[in-house]
Amino acid sequence: MLTSFIILAIVLSILIGYKTRLNIGFFAIIFAYIIGAFFMDLKPKEIISYWPVSIFFVIFAVSLFYNFASVNGTLEKLAAFLIKKFENYPYFLPYAIFLVSALIAAMGAGFYSVLAFMAPITFLLCEKTGLDRVGGAMAINYGALGGANFPTSQSGIIFRSLMEKSSINPDIAFSNAFVIFLFTFILPIFVISLFVFKAKKSNIKIELLSEKITFNDKQKTTLILMALMMVFVLAFPLLHIAFPNEKTITFINSKIDIGLIAIVFVAISLLLKLGDEKQVIALIPWGTLIMICGVGILVSIATKAGVINQLSGFVESNVPKIIVPIMMMIIAAIMSLFSSTLGVVTPALFPLVPTLSNASGFSEVVLFTCIVIGAQASAISPFSSGGSLVLGAIANEHKDSLFKGLIVRAIPIGFIAALIAGIIVMNIF
């Protein structure tokens with residue numbers, strides 16, 4: 001009875017959030033409070049303690065630092081600079097949009113930030129060059145998703161935190177996150193190639209970016225700091241994987257925390273006056289934080305009530321073991337049609353992985369990767385947060401055609417590609 005009630009609460013949170021266009025996290029917290037306090041007799045303080053402080057702090061700190069690049073125009077200039085490099089290769093514009101989005105997202109800008117400023121640029125390029133708008137939308141979306149999955153970027157950090165919360169060793173969580181990044185970066189290249197062939201057939205040309213792109217001193221300093229931070233947070237985890245028995249590396253690696261290091265770089269950026277403090281704070285993705293942490297509380301309540309174990313047992317008993325990864329991928333894809341990968345899908349499905357891994361015989365990295373691949377296959381859905389953000393960036397006269405294109409072309413193409421990728425993952429690991 002309680003299990004059904006909690007599952008219904010998760011579904012209702014998504015439906016109410018989708019219907020009202022309000023943050024799902026608020027409704028998840030309300031249901032967590034009602035179920036936890038009045039049906040499980042938990043103290044309110046215990047319910048509040050389920051707020052995932054670690055995930056909140058890391059996203060808060062990292063986004064705070066990378067917001068300097070948004071405020072002083074570094075990211076926008078970087079995007080224009082990189083796209084200009086493809087002026088002599090107009091057929092490769094879908095690749096250029098994908099790579100620029102991926103690079104900027106990997107440097108820490110995060111999925112939603114990249115969509116927000118790359119979508120208008122991309123649709124302007126589509127207007128000027130005749131590039132397929134669905135292809136442009138998929139290139140941005142795939143790039144932002146794949147880049148943000150880099151272990152030190154926003155989505156990668158969230159995946160690692162969720163894995164560690166599911167009792168996965170931090171080093172293994174880092175390796176798993178890297179595998180997820182590789183697959184979500186390589187897979188789109190094949191999909192986007194379809195649109196490159198179409199662009200070549202259509203003989204598109206880039207005539208938009210004729211002016212010389214130059215960075216000012218603040219933007220150059222911001223780029224240097226972004227590169228330095230990436231080196232700091234990547235060097236010791238990678239060294240520890242390569243030399244696990246080296247005591248000095250192990251000690252330093254145990255003290256590395258991307259959130260705390262990001263705060264150091266925030267202070268340096270403020271002292272160097274790289275951006276206005278109020279503007280930088282205003283750009284923190286509060287909506288994403290509330291959604292992830294709110295759903296995190298409800299999932300923690302579900303875990304305490306034994307729902308996760310029961311769901312794992314249900315899948316274990318009713319789904320043939322050989323198709324467990326594909327089934328998890330399909331469930332993630334369906335959930336992602338209407339909800340966020342970061343805020344809903346992975347917080348709800350990642351806790352199932354250790355149990356399903358033991359029951360099915362598939363390694364944890366296979367299940368984690370299939371869940372993310374499935375979720376991101378339908379992340380371009382106009383009913384989801386990413387798809388709606390892309391749709392919101394295009395001119396009104398093109399909204400209907402893009403809406404239909406995302407439904408009948410982008411989602412099916414993405415799903416078929418994810419299915420093939422899932423089978424490949426199952427056979428590699």
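1. In this predicted model, a nonpolar patch on the surface is formed by Ile 7, Leu 8, Val 11, Leu 12 and Leu 15, which together offer about 380 Å² of accessible area. One of these residues, Leu 8, lies in helix H1, which runs over residues 2–20. With a relative accessible area of 45%, Leu 8 counts as partly exposed, since that class takes in values between the 20% limit for buried residues and the 50% limit for exposed ones.

2. Turning to the interior, the largest nonpolar core has 142 residues, and the members that touch the most others are Phe 65, Met 229 and Leu 402. Helix H10 (residues 170–202) supplies the largest share of this core, namely 12 residues.

3. Leu 402 deserves a separate look: leaving aside residues up to four places away in sequence, its contacts are Phe 123, Arg 133, Val 134, Ala 137, Val 390, Leu 391 and Ile 394.

4. Phe 403 belongs to helix H22, residues 396–428, and is partly exposed, its relative accessible area being 31%. Between Phe 403 and Val 390 there are 9.9 Å from C-alpha to C-alpha, at a sequence separation of 13 residues.

5. For helix H20 (residues 364–377), the length can be checked against expectation: at 1.5 Å a residue its 14 residues should span 20 Å, and the C-alpha atoms at its ends are indeed 20 Å apart, so the two values agree. Because 13 of the 14 residues of H20 are buried, this helix is largely enclosed by the rest of the structure.

Terms used. Residues are numbered from 1 along each chain as its sequence is written. This is a predicted model: local features need pLDDT of at least 70, side-chain atom pairs count only at pLDDT 80 or more; totals for chains, interfaces and linings use all residues. Side-chain values use heavy atoms; hydrogens and water are left out. Helices (H or I, at least four residues) and strands (E, at least two) are DSSP runs, numbered from the N terminus. The expected span of a helix is 1.5 Å times one less than its number of residues. Buried means under 20% relative accessible area, exposed over 50%, partly exposed in between (1.4 Å probe, protein chains only). A nonpolar core is a set of buried Ala, Val, Leu, Ile, Met, Phe, Trp, Tyr and Cys residues joined through side-chain atoms within 4.5 Å. Contact means heavy atoms within 4.5 Å. Patches are made of residues with over 30% relative accessible area and no salt bridge: like charges are joined within 9 Å, nonpolar side chains (Val, Leu, Ile, Met, Phe, Trp, Tyr) within 5 Å. Accessible areas come from the Shrake-Rupley method with a 1.4 Å probe; for residues, only the protein chains shown count as cover. A salt bridge is a side-chain nitrogen of Lys or Arg within 4 Å of a carboxyl oxygen of Asp or Glu.
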